Amino acid sequence: MSNEKSEALEIVVPSGWECARLDELLDEERGISYGIVQPGNHEVGGVPIVRVNNIRGGRLLTDDAMRVSAKIEAEYRRTRLRGGELLLSLVGTLGEYAVVPPSLAGWNVARAVAVIPLRDGIDPNWVAMCLGSSELQSLMRGWATTTVQATLNLRDVRRLPILLAPEPNRSEITRVVKHLDDKIEQNRKTGKKLEELARAVFKAWFVDFEPVKAKAAGATSFPGMPAETFATLPTQFVDSPLGPIPEGWEVGTLGDAVTLSKQQVKPQAHADETFEHFSIPAYDASANPVSELGGTIMSNKFSVVPGCVLFSKLNPRIPRIWLPPLPGEVRQISSTEFLVLVPNTGWTRELVWCQLSQDAFRDILTQGASGTSNSHQRIRPQDFINAPVVIAAPSIRHAFSEIVIPLFLLREQQHQESRKLAELRDYLLPRLLSGKVRVKAALDKMDSHGVTQ
């Protein structure tokens, strides 16, 4: 590696590499732009837009996409997405980035997001890796203005220094890192499928009452339900505040299933202790807690009780439901935006998770939430505990848990593998981008971790 530096920006350029300003890599016809300044209110059926909160950890999270009127969006054709662009957050949470997938063609972005279209021959995945480097993240934070909240100007984005490895090295490095990201993404999708399967079984048994309906119609079994469990089912329905429910079942409240834990921790009183911090940004980014020193955590937090379920009281229409892994040597704490729920006797946290993840149940919570806008609604803890639920016989709940617990165990295995892959990626990336590690050495490292090419 040479000691050559980009004098103004103190970027070390490895021998044989180049350093270009970001604006030298742009599609000149489009250029960098920020998006819709005044999107107005959410409009059902409108054009979806990407906001800062939709960009986390190199991915685009579109479950909570805001939609604007077609008339407003039409005034911002310049930032209408085609797929392949790079997005960068400019306000508040700075430096979040993601490559736009083809499936988001036709979307637009908010004012706080920059759209960066690159010219042919420049892989957006390479530039995204550069933006995620500690050097550029530090640079963006240093350049930001903080009059009201941290803001990065487009003129500074344009002059960001991007290292360019010579070909074929650049493509090989991109391929290595993208392989890890793709494996992490595949694990995430598999985990989602496992969640969907557990949720579907819950809905069939406890929302639509399909096994009871089948037995009432003369069936002698139900797919996936143990024969001894099916034999205990009733064959009639009775009226209830939630509509017809199986005879012998009850309508109770969520408080029958869980107890709220309010045990608090003051991290600043343990300034040198490392905590695993469960927060909403951490959930949205990767569903992994963040390791932080107590001295850097400003406010009191909840203690994460072993075997609990975390449920976000912020915007209950968005399913943020966490099953924390069993704690190791590091204490676990959570943001007070989460409710810490301890399952009562006869309930498992997997069963509780499935109950909380049902659309109909979250609709009930959303109707009772308070807030000034759709993006800042909160459910009151007491309203949460008092939310009505159908309570099946203990034997039915037990049989259900026996079916879904293995699904959640497999999901956790996938998640832990992804966590290790992310650690490997984060170890390799700065070394690859600095030229300190060659692609062959990176592949050998991946092989030692069981990652096949």
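Two strands pair if DSSP finds at least two bridges between them. Keep that in mind for the first exercise, and remember that you are looking at a predicted model.

**Exercise 1. Work out how the sheet containing β8 is put together, and find the bridge partner of V47.**

Step 1: Start with the strand order. Three strands make an open sheet, running β8-β5-β11, and the pairing is mixed.

Step 2: Find the edges. These are β8 (66-68) and β11 (108-109), each of which pairs on one side only.

Step 3: Check the pair that matters here. Strand β5 (residues 47-50) and β8 pair in the antiparallel sense, over three bridges. The cut-off is at least two bridges, so β5 and β8, with three, count as paired.

Step 4: Now pick out the residue. V47 has V68 in β8 as its bridge partner.

**Exercise 2. Describe the sheet that contains β22, and say which helix packs on it.**

Step 1: Trace the order. Four strands form this open sheet, β17-β25-β22-β23, and the pairing is antiparallel.

Step 2: Look for strands that pair on one side only. Those are the edge strands, β17 (258-261) and β23 (321-322).

Step 3: Zoom in on one pair. β22 (residues 309-312) and β23 are antiparallel partners over two bridges. Within this sheet, L310 has W322 of β23 as its bridge partner.

Step 4: Add the helix. Helix α9 (residues 349-356) packs on the sheet and touches β17, β22, β23 and β25 (338-343). The direction of α9 makes about 15° with that of β22.

**Exercise 3. Sort residues of helix α3 into buried and exposed, then explain how the buried ones are arranged.**

Step 1: Apply the cut-offs: buried means under 20% relative accessible area, and exposed means over 50%.

Step 2: List the buried residues. In α3 (residues 134-143) they are L136, Q137, L139, M140 and W143.

Step 3: Look down the helix axis. The buried residues of α3 fall within an arc of 160°, so they line one face of the helix.

Step 4: Turn to the other side, where S134, R141 and G142 are exposed.

Step 5: See what the buried residues of α3 pack against. Their neighbours are β9 (86-89), β10 (97-99), α2 (124-131), α4 (154-158) and β13 (161-164).

**Exercise 4. Go through some of the salt bridges and decide whether their residues are buried or partly exposed.**

Step 1: Get the total. A search of the whole structure turns up 18 salt bridges.

Step 2: Take D23 and R21, whose closest N and O atoms are 2.8 Å apart. D23 has 27% relative accessibility, so it counts as partly exposed. R21, at 39%, is partly exposed too.

Step 3: Try R380 and D383, which meet in a salt bridge at 2.7 Å, N to O. R380 comes out at 42% and counts as partly exposed. D383 is partly exposed as well, at 30%.

Step 4: Move on to E195 and R411, with closest N and O atoms 2.5 Å apart. This pair links distant parts of the chain: E195 lies in helix α5 (residues 169-207) and R411 in helix α12 (residues 394-433), 216 residues apart. E195 is buried, with a relative accessible area of 11%. R411 is buried too, at 14%.

Step 5: Finish with a group. D181, R425 and D426 are linked in a network of salt bridges.

How values were computed:
Residues are numbered from 1 along each chain as its sequence is written. This is a predicted model: local features need pLDDT of at least 70, side-chain atom pairs count only at pLDDT 80 or more; totals for chains, interfaces and linings use all residues. Side-chain values use heavy atoms; hydrogens and water are left out. A salt bridge is a side-chain nitrogen of Lys or Arg within 4 Å of a carboxyl oxygen of Asp or Glu. Buried means under 20% relative accessible area, exposed over 50%, partly exposed in between (1.4 Å probe, protein chains only). The arc is that of the directions from the helix axis to the C-beta atoms. Contact means heavy atoms within 4.5 Å. Axes are lines fitted to C-alpha atoms, for helices over the stretch in contact, and angles run from 0 to 180 degrees between N-to-C directions.
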